[in-house]
Amino acid sequence: MATGSYEGIARIWDLKGNLKFKLAQHTQPIFSLKWNKSGDLLLSGSVDKTTIVWDANTGAMKQQFDFHKGIVGCINDYHSHIHKLTTLFRAGARRGLENK
C-alpha cells in the first residue's frame, strides 16, 4: 500500500501496516499515486509540477519528470494528467509507464 501526503512525502507500507519506505523528493503536496501492473514501480504526482517513478522494492527514485506546466492531479496507466486548481478543464497530458 502507498500513501501520499500534504507535506510532499509518499510512503510505502507492508501488508502488516509497517512503514517500508519514506519517499521524500517532492517539495509540495502529492495529489496522486499509481502502482504499475506488476507492483514494483510507484508513480507519484504532485503540486510541485513533477511526476516521479519510484522503485517500490528499494524506495529509490528511478526517474523524475519535471516538464509539467501545472499540478499533476491524476495518473492512469498511460498518461499523467496536468490540471490547474482554478479550472475543471484538463490542461494537458503526457505519456508514460506504458505497458508496465
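The protein chain has 10 strands and zero helices. This is a predicted model, and the mean pLDDT of the protein chain is 77. Along the sequence, the elements follow the pattern β-β-β-β-β-β-β-β-β-β. One open sheet has three strands, in the order β1-β2-β3, and another open sheet has four strands, in the order β4-β5-β6-β7.

**Overall composition**

- The protein chain counts 100 residues, and 38% of them are buried.
- About 6100 Å² of the protein chain is exposed, with 52% of that area supplied by carbon and sulfur atoms.
- Of the contacts between residues at least 6 apart in sequence, 27% join residues at least 24 apart.

**Confidence**

- In the protein chain, 66% of the residues reach a pLDDT of 70 or more.
- Confidence is highest in strand β3, at a mean of 97, and lowest in strand β9 (residues 79-83), at a mean of 46.
- Over residues 80-92 the pLDDT stays under 50.
- The model has 33 contacts beyond four places in sequence for residues 80-92.
- Where pLDDT is low, the predicted coordinates should not be read in detail.

**The three-stranded sheet**

- The pairing in the sheet β1-β2-β3 is antiparallel.
- Its edge strands are β1 and β3, each of which pairs on one side only.
- Strands β1 and β2 run antiparallel and are joined by two bridges.
- Across this pair, Ala2 stands opposite Ile12 of β2.
- Strand β2 also pairs with strand β3 (residues 19-23), in the antiparallel sense and over four bridges.
- Ile12 has Phe21 as its bridge partner in β3.
- Ile12 therefore appears in both pairings of β2: it stands opposite Ala2 and has Phe21 of β3 as a bridge partner.
- The hairpin of β2 and β3 has five residues between the strands.
- In that hairpin, Gly17 takes a positive phi near 90°.

**The loop residue Tyr6**

- Tyr6 lies in the loop between β1 (2-3) and β2 (10-13).
- Tyr6 has a relative accessible area of 71%, which is over the 50% cut-off, so it counts as exposed.
- Leaving aside residues up to four places away in sequence, Tyr6 touches Gln28 and Pro29.
- Tyr6 and Pro29 are 23 residues apart along the chain, while their C-alpha atoms are separated by 4.0 Å.

**The four-stranded sheet**

- The strands of the sheet β4-β5-β6-β7 pair in the antiparallel sense.
- The edge strands of this sheet are β4 (30-35) and β7 (61-65), and each pairs on one side only.
- On average, neighbouring strands of this sheet are turned by 15° against each other, direction ignored.
- Strand β6 (residues 51-55) pairs with β7 over four bridges, in the antiparallel sense.
- The bridge partner of Ile52 in β7 is Gln64.

How values were computed. Residues numbered from 1 in each chain as written. Predicted model: local features only at pLDDT ≥ 70, side-chain atom pairs only at ≥ 80, totals over all residues. Heavy atoms only, no water. Buried < 20%, exposed > 50% of the residue type's maximum accessible area, 1.4 Å probe, protein only. Contact = heavy atoms within 4.5 Å. Pairing = 2+ DSSP bridges. Areas by Shrake-Rupley, 256 points an atom, 1.4 Å probe, with all protein chains shown as cover. Axes fitted to C-alpha atoms, helices over the stretch in contact; angles between N-to-C directions. pLDDT = per-residue confidence, 0-100.
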